[in-house]
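Open your viewer and get ready to click around. We'll go stop by stop, with something to select each time.

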Amino acid sequence: MQFALQYVSWHYSRGVHDIVVLWSNFIWFLSHFFSIPLLASTLFSPWKRLHEEPKDGFDLEDFFSAILVNIMMRLVGFFMRLTMIAVGLAVLALALLGLIIDLAFWLLWPAVIGVLLFFGFSLLIA
């Protein structure tokens, strides 16, 4: 009986704490893997730092060509970063869902084992 009480005490205190710590480490890894804070802070930067500068001297066509290329590179960078942020947030949401499911199973598992043992013994008796 002493062992069962110690197990239940560990299961609902230290076990829950360890699961939350494990999942928080996993969520930290995912947020850094997808670089969500970095992508958000550089959202309007040019893609791969590609940009064009006008040549020496003032040429109107060259000037507008450089502006157009720079705007296009910023738009490409914006949409690529936005896509990666969206994918990263979706993966983080799935990880949080995994945490909730894992905790639900962990908290209910002793009761499930008890119910299964009860029904198993009742089948032996019947």
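**First stop: leucine 75**

Select leucine 75: with a relative accessibility of 44%, this residue counts as partly exposed (buried means under 20% relative accessible area, exposed over 50%, and partly exposed in between, using a 1.4 Å probe and protein chains only). Leucine 75 sits in helix α4 (helices are DSSP runs of H or I with at least four residues, strands are runs of E with at least two, and both are numbered from the N terminus). Now add valine 115 to your selection: 40 residues further along the chain, its C-alpha atom is separated from that of leucine 75 by 58 Å.

Before moving on, two notes on what you're looking at. This is a predicted model, so local features need pLDDT of at least 70 and side-chain atom pairs count only at pLDDT 80 or more, while totals for chains, interfaces and linings use all residues. Residues are numbered from 1 along each chain as its sequence is written, and side-chain values use heavy atoms, with hydrogens and water left out.

**Two helices side by side**

Colour α2 (14–33) and α4 (residues 60–125). How do their axes cross? The axes of α2 and α4 come within 10 Å and cross at roughly 170° (axes are lines fitted to C-alpha atoms, for helices over the stretch in contact, and angles run from 0 to 180 degrees between N-to-C directions). That makes α2 roughly antiparallel to α4 (the label for angles over 145 degrees; under 35 is roughly parallel, 65 to 115 roughly perpendicular, and the rest oblique). To see the contact (heavy atoms within 4.5 Å), show side chains: on the α2 side they include Gly15, Val20 and Phe26, and on the α4 side they include Val91, Gly98 and Asp102.

**Into the core**

Next, select Val16, Ile19, Trp23, Leu30, Phe34, Ile36, Leu92, Ala95, Leu99 and Leu103: these ten residues make up the largest nonpolar core (a set of buried Ala, Val, Leu, Ile, Met, Phe, Trp, Tyr and Cys residues joined through side-chain atoms within 4.5 Å). Both α2 and α4 supply at least two residues of this core.

Zoom in on isoleucine 36. Not counting residues up to four places away in sequence, isoleucine 36 touches Ser31, Gly88, Leu89 and Leu92. Follow that link to serine 31, which lies in helix α2. Is serine 31 buried or exposed? Serine 31 is buried, at 19% relative accessible area. Leaving aside neighbours within four places in sequence, serine 31 is in contact with Ile36, Pro37 and Leu92.

**A buried arginine**

Jump to arginine 81 in helix α4. At 11% relative accessibility, arginine 81 counts as buried. Which residues does arginine 81 contact, leaving aside its neighbours within four places in sequence? The answer is Leu39, Thr42, Leu43, Ser45, Pro46 and Trp47.

**Aromatic pairs**

A pair of aromatic rings is described by the distance of the centres and the angle of the planes. The whole structure has nine aromatic pairs (rings of Phe, Tyr and Trp, taking the six-membered ring of Trp, pair if their centres lie within 6.5 Å; planes under 30 degrees apart count as stacked, over 60 as edge-to-face and the rest as tilted). Try tryptophan 10 and tryptophan 106: their ring centres are 5.7 Å apart and their planes are at 75°, so this pair is edge-to-face. Tryptophan 10 lies in helix α1 (residues 2–12) and tryptophan 106 in helix α4, so the pair ties together parts that are 96 residues apart in sequence. Tryptophan 10 is partly exposed at 38% relative accessible area, and tryptophan 106 is partly exposed at 23%.

Another pair to click is phenylalanine 63 with phenylalanine 64, also edge-to-face, with 5.4 Å centre to centre and 70° between the planes. Then add Tyr7 to your tryptophans: Tyr7, Trp10 and Trp106 form one aromatic cluster.

**Last stop: a salt bridge**

Side chains of opposite charge can pair when their charged atoms come close. The count here is one salt bridge (a side-chain nitrogen of Lys or Arg within 4 Å of a carboxyl oxygen of Asp or Glu). Select aspartate 18 and arginine 14: their closest N and O atoms are 3.1 Å apart. These two are separated by about one helical turn because they are four residues apart in helix α2. Aspartate 18 is partly exposed at 33% relative accessibility, and arginine 14 is partly exposed at 49%.
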